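Visitor: Hey, got a few minutes to walk me through this one? I'd like to go over it at the bench level.
Guide: Sure, pull it up and ask away.

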Amino acid sequence: MEHVFDFIHAALPWVAIGLLLAVFAARSAKQKKASKDNKPQADYGTEGMCLGMCFGSAIGASGVVNIGIGMSLGMLIGLAIGTCIKKEDREDSSKE
C-alpha cells in the first residue's frame, strides 16, 4: 500500500498540471467565442483561484497533503468552480 501512496504523490502534480492546461484551453476557447459575439462573459475564475489557494494551503498546513500539492489542487478546483459561475451585469442596476 505504501507504493501506491508514493505513486500518487509522484503523479499528482503532473495530473494537476494536465487538468489546469485543459481548463485554460477550454476557457480561452469560450472567451474567443464570446468575443466574436461582442458580448464579454465575466466569471469568478480569479476569485475561485484565490479562495482555492487559501483552502488548499490550509489543508496542506494541517498535514493531510503536501502544502504545494494542496495549493495547486486548490487553485485548480477553485478555477474550475469559478468559471462555472457567471457574474451578473451591473449596468442595469446603476441606471436606476
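Visitor: Let me start with a lysine. Is K87 buried, partly exposed or exposed, and why?
Guide: K87 counts as partly exposed, because its relative accessibility is 34%. Keep in mind that this is a predicted model.

Visitor: Noted. What does K87 form a salt bridge with?
Guide: With E47, and the closest N and O atoms of the two are 3.5 Å apart. The pair links distant parts of the chain, 40 residues apart. K87 sits in the loop between α3 (67-84) and α4 (91-94), while E47 belongs to helix α2, residues 45-62.

Visitor: And how accessible is E47?
Guide: E47 comes out at 35% relative accessibility, so it counts as partly exposed.

Visitor: How many salt bridges does the structure hold?
Guide: Just one.

Visitor: OK. Which ring does K87 lie over?
Guide: The ring of Y44: K87 lies over its face, at 5.2 Å from the ring centre.

Visitor: Speaking of rings, how many aromatic pairs turn up?
Guide: Zero, and that's from a search of the whole structure.

Visitor: Let's zoom out. How many helices and strands are there?
Guide: The protein has four helices and zero strands. Going along the sequence, the pattern reads α-α-α-α.

Visitor: What share of the residues is buried?
Guide: Buried residues account for 18% of the 96 in the protein.

Visitor: Give me one of those. Where does G56 lie, for instance?
Guide: G56 is in helix α2. G56 counts as buried because its relative accessibility is 4%, and the cut-off for buried is under 20%.

Visitor: How far is G56 from L76?
Guide: Their C-alpha atoms are separated by 9.8 Å, and the two residues are 20 apart along the chain.

Visitor: Now a threonine. Where is T83, and what does its side chain reach?
Guide: T83 has its place in helix α3. Its side chain reaches the backbone oxygen of A80 at 3.1 Å.

Visitor: So is T83 buried or exposed?
Guide: Buried: T83 has a relative accessible area of 13%.

Visitor: What about the loop between α1 and α2? Which residue there should I look at?
Guide: Try D43, which is in that loop. A polar atom of the D43 side chain lies 3.4 Å from the backbone nitrogen of G45. At 15% relative accessibility, D43 counts as buried.

Visitor: Switching to the surface. Which residues form the nonpolar patch?
Guide: M1, V4, F5, F7 and I8. Together they have about 560 Å² of accessible area.

Visitor: Pick V4. Where is it, and how accessible is it?
Guide: V4 is in helix α1, which covers residues 2-36. V4 counts as partly exposed because its relative accessibility is 42%.

Visitor: Who else from α1 should I look at?
Guide: Q31 also has its place in helix α1. Q31 counts as partly exposed, at 42% relative accessibility.

Visitor: And how far apart are Q31 and A42?
Guide: C-alpha to C-alpha, Q31 and A42 are 9.3 Å apart in space, with their positions eleven residues apart in sequence numbering.

Visitor: Remind me what I should mark around K87 before I go.
Guide: Mark two partners: E47, its salt-bridge partner, and Y44, whose ring face K87 lies over.

How values were computed:
Residues numbered from 1 in each chain as written. Predicted model: local features only at pLDDT ≥ 70, side-chain atom pairs only at ≥ 80, totals over all residues. Heavy atoms only, no water. Salt bridge = Lys/Arg side-chain N within 4 Å of Asp/Glu carboxyl O. Helix = DSSP H or I, 4+ residues; strand = E, 2+ residues; numbered from the N terminus. Buried < 20%, exposed > 50% of the residue type's maximum accessible area, 1.4 Å probe, protein only. Patch = residues over 30% accessible without salt bridge, like charges linked within 9 Å, V, L, I, M, F, W, Y side chains within 5 Å. Areas by Shrake-Rupley, 256 points an atom, 1.4 Å probe, with all protein chains shown as cover. Phe/Tyr/Trp six-rings, centres within 6.5 Å; stacked < 30°, edge-to-face > 60°. Lys NZ or Arg CZ within 6 Å of the ring centre and 35° of its normal. Polar contact = N/O pair within 3.5 Å; in protein donor to acceptor, adjacent residues only side chain to side chain.
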